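Subject: A structure for you to explore

Hi there,

Here is the structure I promised to pass on to you. Have a look around it first, and then read on for what turned up.

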Amino acid sequence: MKRRLMLGMSLLAAGLGLLAGCSNAPESSFTTVKGERIELSALRGRPVLVTFWASNCASCLDEMPRLTELYRDYHARGLEVIAVAMQYDMPSQVVALATQRDLPYPVVLDPQGQHAHAFEDVTVVPSVFLLSPEGDIRFRKIGPPDMKALRSMINSMLAET
């Protein structure tokens with residue numbers, strides 16, 4: 001019975017995008033469209049949501065208001081959100097969209113694809129990674145995440161800090 005329960009929980013976690021064996025997040029250094037530098041290592045002690053997106057991705061655009069709400073609800077408590085535009089996205093479109101939508105979280109260009117490569121070779125957007133305060137990838141999802149489940153994980157991480 002225990003074995004079946006464990007197997008069922010593992011399958012459920014896989015379906016939700018949870019990682020059973022957490023992996024370390026890459027040691028990435030981002031430069032935002034505003035010229036600010038963000039080192040992932042400097043964000044240790046806080047949960048970090050890294051989302052890969054493109055300006056021509058309808059799901060990504062639909063997700064932005066929910067990410068904005070998530071950021072506004074949790075940033076003061078410690079959550080950081082970093083939005084990484086895909087390599088093929090035109091920088092002028094990324095900057096225009098970030099400005100037009102008044103995105104409150106940092107937006108990053110990835111002109112060489114180094115960030116997408118570092119985060120498990122992201123090729124499909126949206127792709128979301130939730131990093132624990134310890135710097136482990138605790139959740140990954142290709143496609144729009146379940147915001148209720150994401151909020152639950154963030155709440156748990158913030159309660160632990």
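How many nonpolar, polar and charged residues are there in the lining of the largest pocket? The lining has nine nonpolar residues, two polar ones and four charged ones. Please keep in mind as you read that this is a predicted model.

Let's stay with that pocket for a moment. The space inside the largest pocket comes to about 230 Å³. Its lining is made up of 15 residues, and those nearest the pocket's centre are V33, K34, A98, L103 and Y105. Helix α3, which covers residues 91-100, gives the largest share of the lining, with three residues. As for how such spaces are found, rolling a probe the size of a water molecule over the atoms shows where empty space is left.

Now step back to the whole chain. The chain has five helices and eight strands, and along the sequence they follow the pattern α-β-β-β-β-α-β-α-β-α-β-β-α. Of the 161 residues in the chain, 47% are buried. Contacts between residues far apart in sequence are well represented: among contacts with a separation of 6 or more, 73% join residues 24 or more positions apart.

A good residue to click on next is S55. You will find S55 in the loop between β4 (48-53) and α2 (58-74). Is S55 buried or exposed? S55 counts as buried because its relative accessibility is 16%, and the cut-off for buried is under 20%. Leaving out residues up to four places away in sequence, S55 touches L61, D89, Q93 and L97. With one of these, D89, there is also a polar contact from side chain to side chain, at 2.5 Å. S55 and V94 make a nice example of folding to try with the distance tool: they are 39 residues apart in sequence, yet their C-alpha atoms are 6.3 Å apart in space.

V95 sits in helix α3. V95 is 40 residues from S55 along the chain, and the C-alpha atoms of the two are separated by 9.8 Å. V95 counts as partly exposed because its relative accessibility is 34%, and partly exposed runs between 20% and 50%.

Another loop residue to look at is T32, which lies between β2 (29-31) and β3 (37-39). T32 has a relative accessible area of 7%, so T32 is buried. Setting aside neighbours within four places in sequence, T32 is in contact with I38, P106, V107 and V108.

Finally, the aromatic rings. How many aromatic pairs are there? The count comes to four. One of them is F52 with F129, an edge-to-face pair whose centres are 6.0 Å apart and whose planes are at 80 degrees to each other. This pair links distant parts of the chain, with F52 in strand β4 and F129 in strand β7 (residues 127-131), 77 residues apart. Both F52 and F129 are buried. Ring pairs also bring in F119, linking F52, F119 and F129 into a cluster.

If you would like a place to start, try finding S55 and D89 and looking at the polar contact between their side chains. After that, you could pick out the cluster of F52, F119 and F129.

Happy exploring, and best wishes!

Key
Residues numbered from 1 in each chain as written. Predicted model: local features only at pLDDT ≥ 70, side-chain atom pairs only at ≥ 80, totals over all residues. Heavy atoms only, no water. 1 Å grid on protein atoms, 1.4 Å probe; cavity = no way out; pocket = protein on both sides within 12 Å on 5 of 7 lines; lining within 4 Å. Points joined across faces, edges and corners; volume = space filled by probe spheres on them. Helix = DSSP H or I, 4+ residues; strand = E, 2+ residues; numbered from the N terminus. Nonpolar A, V, L, I, M, F, W, Y, C, P; charged D, E, K, R; others polar. Buried < 20%, exposed > 50% of the residue type's maximum accessible area, 1.4 Å probe, protein only. Contact = heavy atoms within 4.5 Å. Polar contact = N/O pair within 3.5 Å; in protein donor to acceptor, adjacent residues only side chain to side chain. Phe/Tyr/Trp six-rings, centres within 6.5 Å; stacked < 30°, edge-to-face > 60°.
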